[in-house]
Amino acid sequence: MKILNKLTYDYLKLNKKKCIATLVSIILITVLLFSVGIFVSTIRKTALDAVIAEDGTKHVLFSEQDYSNYSILNSDENIKSIEITCLIDIINDELSIESIDDSLWDSISISKGRIPNNTNEIVISSAYASTYNLDVSFFIGEKEVVGIYNNSTLKNDLYTAFTKEVDYNNRTVNFYVTYKNIFNIYDKIYNTADNLRLSYSIVMGHKSYAHTWVNSSYLALLGQFANNNIKLGVYALIFFVLFITSLFCILIVRNSFTINLVERKKQFATLRSIGASKAQIFKMVIIEAFMLSIIAIPIGIILSIIFFNLIILVFNNILENIIEPLSIYYYPSLIIISLLFIIFTIFTSAFVPALKASKISPISGIKPVYNLKKSREKYPLINKLFGPIGVLAYKNTKRNKNKFNSSIISMSISIILFITFSFLINNIVIASEDVLLEDFDISINIPDDSVLYNEILSIPEIDEVITYKSAYLYYDNGKFPEEDMDSLLLVGVDNNYYQEHYDNGIYVINAPDDINEFVLYDNEYNYVYTVSGFRESSDMLEFIHINSPVMVVDFDTYNTILTNYSYDYVWSREYNIGINTDKPEVFDRYMEEIINDFPELDINYINYAYYNYEARQILLAIKFVCYTIIGAIAILSISAMFNSLNTNIITREKEFAMLRSMGLSKKDLNKLLIYEGIFLGIKTLIISLIISIILIFGMGKLIKLLNISSLKNLIFPTKYVIIAIVILIALIFLVIMYSKNKIKNNNIVDAIKNENI
Amino acid sequence: MSLLKLDNLCKFYGEDETLVKAVDSVNLTVEEGEFIAILGASGSGKSTLLHMIGCVDKPTIGHVYLNSQDIYALNDSKQSKLRRESISIVYQFYNLIPTLNVVENITLPLDLSRKKVDQEYLDELLKLLKLEDRKKHLPNELSGGEQQRVAIGRALITRPNIILADEPTGNLDSKNSLEVMNILKRANAIYKQTIIMVTHDEELAKYAKRIITMKDGNIV
């Protein structure tokens, strides 16, 4: 085998330039895959830390249980540990004294003082201490404060003080339960809850038990979901992303290997003819992959670490003073998995070319074996459009099907990857904008008072104002005209705005699916109004963020309904003013004056300016990360497409030289290449666009399964489709120009003689 | 028992009206130590016949028996072993590996078989091939004649049952051609090496002990 290793090594050494394409491909996919590994690792660690700091690691809490139920839990073989808290006293009607198991002190971070030694000693929350100016060694009633905690992962509020454990017999207690194994944990939790005879209802497609709090965020990060649809959706998305990424990587590297191998076909054939076995040739290619990997993988890893550090640096810079700086975390298991995945990708990529190389017949080294498809068709349309050179180009694409198909496949995969990722990321960005940004810079909530209203509207810096009133109308049991409903949110929008945006009908948004008629009754419950239609909230009122039915009317109708129509009681009447302005900072002063002028009125003023600033920074950071990912994918796609197109052309040097020697002019050769590019481009676009649309449709369905309200209205990535098309066209012509120059400089005779051994 | 036996060997290309019978029903027996020249014009099927004997081009019909073993009944790894150890081919265009030097090219078949090089035999061959001063040269540093001598060395190193030479002088001038032919003749004489050579040159064919003429795929 030594001689084969030497042959491979010599080839790599002598053909550094040709190997650089393969090296670059391996480095690029290493950067991509390793960065994904670090990214997932960092995100998971950050999320897990945040969740554990908030909710701890106990799996479930069964609250307000009789202590006698302890035996039920204790006999449950799935349960690893049961820890107990118990409300033993309430002081001054507000401070709950909870006795907790000794083991639970780990869940409470004491910032000052110590843990209580008996039930006369307590620790209180720092918020409670600062509210009442309390400190260690103070007494509250008969209890002495021995410590102050600033955080607890137990499900308590700030008005809870903790003390030493007591005898729980005959008391009502809370059980914090941790299971031995998290696999299928929801079934285990439901089983325990059933044993405790707790009742349940179905909420969002899964069981929700009374007196049961599940640490669902923590469990979700460990891969356990209550809702099977969500589980399915998450796993399908992960699988899909991994599948398409690995397919893409494999194709990129495979293409590079194929380039090298095509050029060495004759060498392999010669080796075969003097007795090298298929296995030996196969091993040669695999050894080549191994040698290249040894160089490329470490470079890729170093680059991805640099790349990722840069991203985090920029990310932290954007979010300075907004969030705790993110630090990179390398989960050993995830890092090993990504490394294995990289190695798997490289060797899978080398496998098919190696197999092909091993199947090269010895005779192909001795005499040329043509495997071209005969075609007697004349292609009159192509002839008419592009002339005889066009027909020749078209025939080339048809006859060299294998060569062209490999280009088409790799380019299509690149485009599909780019478009589908853009679709996902673009929608994530849009959804984040929707979730994070407040609708207005200033939101003011006032009683229905026209003097005050006019006063507010006279503030000079207002750019845009929307006023709307809202009230919940409640109906006693069974009196509401529509079944299963007992209330309706009535929203009145100011007349001008309403007429501008909607025709003069009455609309119901978020109506239940099965309602196709909606009527409003007068105080005798007689039929009065029929609504003009049903709409999605997003195209009616963007600032309404509830999912129950809302009837939207103008101010006049709103007043008529409230005064003349029937309902049993009205709740939460509000007059809302939403203001957009370039100078939110000046509003505080104006509003302070107004609030002082109307001391008897209840004015609720919120300036979202700073919040929106933070939200915009967060959005910027999200966009930065997302577009970096799209950019990285674009670079990979472009390099893959370039590689594939370039190979297609440079491995045909001899063919072109032959055509030139038969009298094809340089201009005609250019034409030939351009026409081939056009046919290639059209085929690639048709295939990739159709598949992208199907995949986007499929991903849309998957996201629907996840039931994320902010991802309800998915947007087709038209912009990115256009970018992909432009890049493809530009790239085809760029490669043609690049390879054309390379070919032009070749001596015809040399090229024909070139045996490529 | 004869060394090589060709039984009704045929090689056809294409089908129906485009059918070409490159080799048609050839029967031939070769004894050990023979030096045979297959003479014929271009397109007579002589190279195709040689490739079928060399276990690189499967016949359409018929069998090739080497030491009574049908070589095309063997699996791929046994065929590879056969090409490594029992049959060697010398090509018109040498087909040397450009990155290996003279000695490495010659010993390549042994390396592929992971066999030790018989240094004495190698030195003897280098002397026979007049390549003693060229041991470390790469193919592109050699003349055409020298390259072909390396190829003959590569064929001889495994002491194969048969050496097949396909127009071994086709790419050489007359001086180098004579040199190559003399080497083949001496190899046949010294090592009792069985050689089957394909040529279209009647003068060169005279170096062989037996001449077989081919025309239109048949032996005449």
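1. In this predicted model, the buried residues of helix H5 of chain B form an unbroken listing that begins with Gly145(B), Glu146(B), Gln147(B), Gln148(B), Arg149(B) and Val150(B), and continues with Ala151(B), Ile152(B), Gly153(B), Arg154(B), Ala155(B) and Leu156(B). Because 12 of the 13 residues of H5(B) are buried, the helix is largely enclosed by the rest of the structure.

2. The surroundings of H5(B) come from both chains: its buried residues pack against helix H8 (265-273) of chain A, and, within chain B, against strands E6 (87-90) and E7 (162-166) together with helices H3 (102-112), H4 (119-128) and H6 (174-191). The length of H5(B), residues 144-156, agrees with expectation, since at 1.5 Å a residue it should span 18 Å and its end C-alpha atoms are 18 Å apart.

3. H5(B) lies across E6 and E7 of chain B, and runs at about 175° to E6(B). These two strands are parallel and are joined by four bridges, with Val90(B) having Ala165(B) in E7(B) as its bridge partner.

4. E6(B) and E7(B) belong to an open, mixed sheet of six strands in chain B, ordered E6-E7-E8-E3-E9-E10. E6 and strand E10 (218-219) of chain B stand at the edges, each with a single partner strand, so one side of each is left without a neighbour in the sheet.

5. A separate point concerns chain A, where Ser41(A) lies in helix H2, residues 16-55. Ser41(A) is buried, with a relative accessible area of 0%, and, leaving aside neighbours within four places in sequence, is in contact with Tyr329(A), Tyr330(A), Tyr331(A) and Leu334(A).

Note on methods: Residues are numbered from 1 along each chain as its sequence is written. Chains are lettered from A and ligands numbered from 1 in the order in which they are written. This is a predicted model: local features need pLDDT of at least 70, side-chain atom pairs count only at pLDDT 80 or more; totals for chains, interfaces and linings use all residues. Side-chain values use heavy atoms; hydrogens and water are left out. The expected span of a helix is 1.5 Å times one less than its number of residues. Buried means under 20% relative accessible area, exposed over 50%, partly exposed in between (1.4 Å probe, protein chains only). Contact means heavy atoms within 4.5 Å. Two strands pair if DSSP finds at least two bridges between them. Axes are lines fitted to C-alpha atoms, for helices over the stretch in contact, and angles run from 0 to 180 degrees between N-to-C directions.
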